[in-house]
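Got the viewer open? Let's take a quick walk through this one, starting with the whole chain and ending on a single pair of residues.

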Amino acid sequence: MKKEIPYKIYLSENELPYTWCNLRAFMQNKPAPLLSPKTMQPITVEELSEVFCEELAKQELDDTTPYIDIPTEVRDFYKMYRPAPLIRAYCLEKKLGTPAHIYYKFEGNNTSGSHKLNSAIAQAYYAKQQGLKGVTTETGAGQWGTALSMACSYFGLDCNVFMVKCSYEQKPFRREVMRTYGANVTPSPSMTTEVGKKINAEFPGTNGSLGCAISEAVEAASTREGYRYVLGSVLNQVLLHQSVIGMETKTALDKYGVKADIIIGCAGGGSNLGGLIAPFMAEKLQGKADYRFIAVEPSSCPTLTRGKYAYDYCDTGKICPLSKMYTLGSGFIPAASHAGGLRYHGMTSTLSELYDQGLMEARSVKQTDVFEAAEYFARIEGILPAPESSHAIRVAMDEAIKCRETGEKKVIVFGLTGTGYFDMMSYEKFHDGKMTDYIPTDGEIEKGLAGLPNL
């Protein structure tokens, strides 16, 4: 007899994963290798270890090990807020009048307010194990910086965060949470690094971008003894750590005999979406099951839907390794949208390769449509979502409405990656009718793509 499905599916501590799922190991066509910016040849573990922690460098280049053990110390930390609940959106289903069943994996039940803590604690752990003094990083909306400051505080590491300037100004409270946990927060581009000075000179008055902040953080790490750079998205190592989301989601669905039809996630650099779909895509690649995967990105930064699949620098300053990915060009600086975590010019190489193979879909949505869905969801389901997460909500609602029109009873799963309680200035702009939709012209995108390296 099929078990009755509760409103919220909570897994037990014993059902918290003991391993991360390395999606690349299941791919027949692997993502193209990272290239050294100095030699333009595939980068080695030794070269990558000059920037990242040694163990993280090994994880970054490992595309053969299907499952990698979660260190005991990291798993013990996870127990403070994991397993995270998988929630059936009964109220939303009823309000939409849809026969679809909608589930969301809620990652906002920790102080950082998002999924970012899953990788932050792992990266801080490896930095501590290596005997480092501290780390440097970038942050967009501030969720990654908040998570990393918490993780560094836990392990007694120094934490230096370069926060994209427009988010630094839009989200002062998230900045203060970082400082509460001991982090040093600098608006980017700044005048404290050589690359920051160069970007400010080339783009006077710029609002910054994740690509700019990455360049500054890498420079800061490389010029200080005992420091390494850590990143909150894009890299394969981050997707690996975030796979704890998908592993829990699949365990919860399997527990009650539920089969997902459509899996949806917002996509900036690709960490949360890659983590959510990892075990499901692994099944698809092995021919064990079929799913539809939808990546949702902002129309203001349409990496997958309007970008080019090519090798590009991961940062605006062109000092990081090159990755083959869907990109708008490392020099493309998106409009100052309110979903700061999605303002990245490229998409992780793993998701880029899967998208190029036609194994997943992509959709871009306008900012005002996103906030309309966010407000609707908050009023119906009682959770105020982050602007980034609300991109997934928008498309999940659209797919549920399609089911209402066709009568199809599909199971829709989406990632609710975080809460929006530090994003109230953005909600204020929406409520006051001051929010606009900026969509880059073909000329602006062509200008960004013109700067791609000639490889």
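Start by colouring the chain by burial: 63% of its 455 residues count as buried. Keep in mind that you're looking at a predicted model.

Now zoom out and show just the C-alpha trace. Those atoms fill a box of roughly 60 × 50 × 45 Å along the principal axes. The radius of gyration is 20 Å, which agrees with the value near 23 Å that a compact globule of 455 residues would have. If you draw contacts with a separation of 6 or more, 77% of them join residues 24 or more positions apart.

Switch on the surface next. The accessible area comes to about 16800 Å², with 49% of that belonging to carbon and sulfur atoms. Then select the charges: there are 48 positive and 52 negative ones, and their mean positions lie 3 Å apart.

Back to cartoon. You should find 18 helices and 15 strands in the chain. Pick out the open sheet of seven strands, which run in the order 1-4-5-15-10-11-14 with mixed pairing. Which strands stand at the edges? Select 8-9 for strand 1 and 361-365 for strand 14: each has a single partner strand, so one side of each is left without a neighbour in the sheet.

Now move inward along the order, to strands 5 and 15. Select residues 101-106 (strand 5) and 411-416 (strand 15), and you'll see a parallel pairing over six bridges. For the last stop, click Tyr103: its bridge partner in strand 15 is Val413.

Methods. Residues are numbered from 1 along each chain as its sequence is written. This is a predicted model: local features need pLDDT of at least 70, side-chain atom pairs count only at pLDDT 80 or more; totals for chains, interfaces and linings use all residues. Side-chain values use heavy atoms; hydrogens and water are left out. Helices (H or I, at least four residues) and strands (E, at least two) are DSSP runs, numbered from the N terminus. The radius of gyration is taken over C-alpha atoms; the globule rule is 2.2 Å times the number of residues to the power 0.38. Buried means under 20% relative accessible area, exposed over 50%, partly exposed in between (1.4 Å probe, protein chains only). Contact means heavy atoms within 4.5 Å. Accessible areas come from the Shrake-Rupley method with a 1.4 Å probe; for residues, only the protein chains shown count as cover. Lys and Arg count as positive and Asp and Glu as negative; His and the chain ends are not counted. The place of a charge is taken as NZ of Lys, CZ of Arg, CG of Asp or CD of Glu. Two strands pair if DSSP finds at least two bridges between them.
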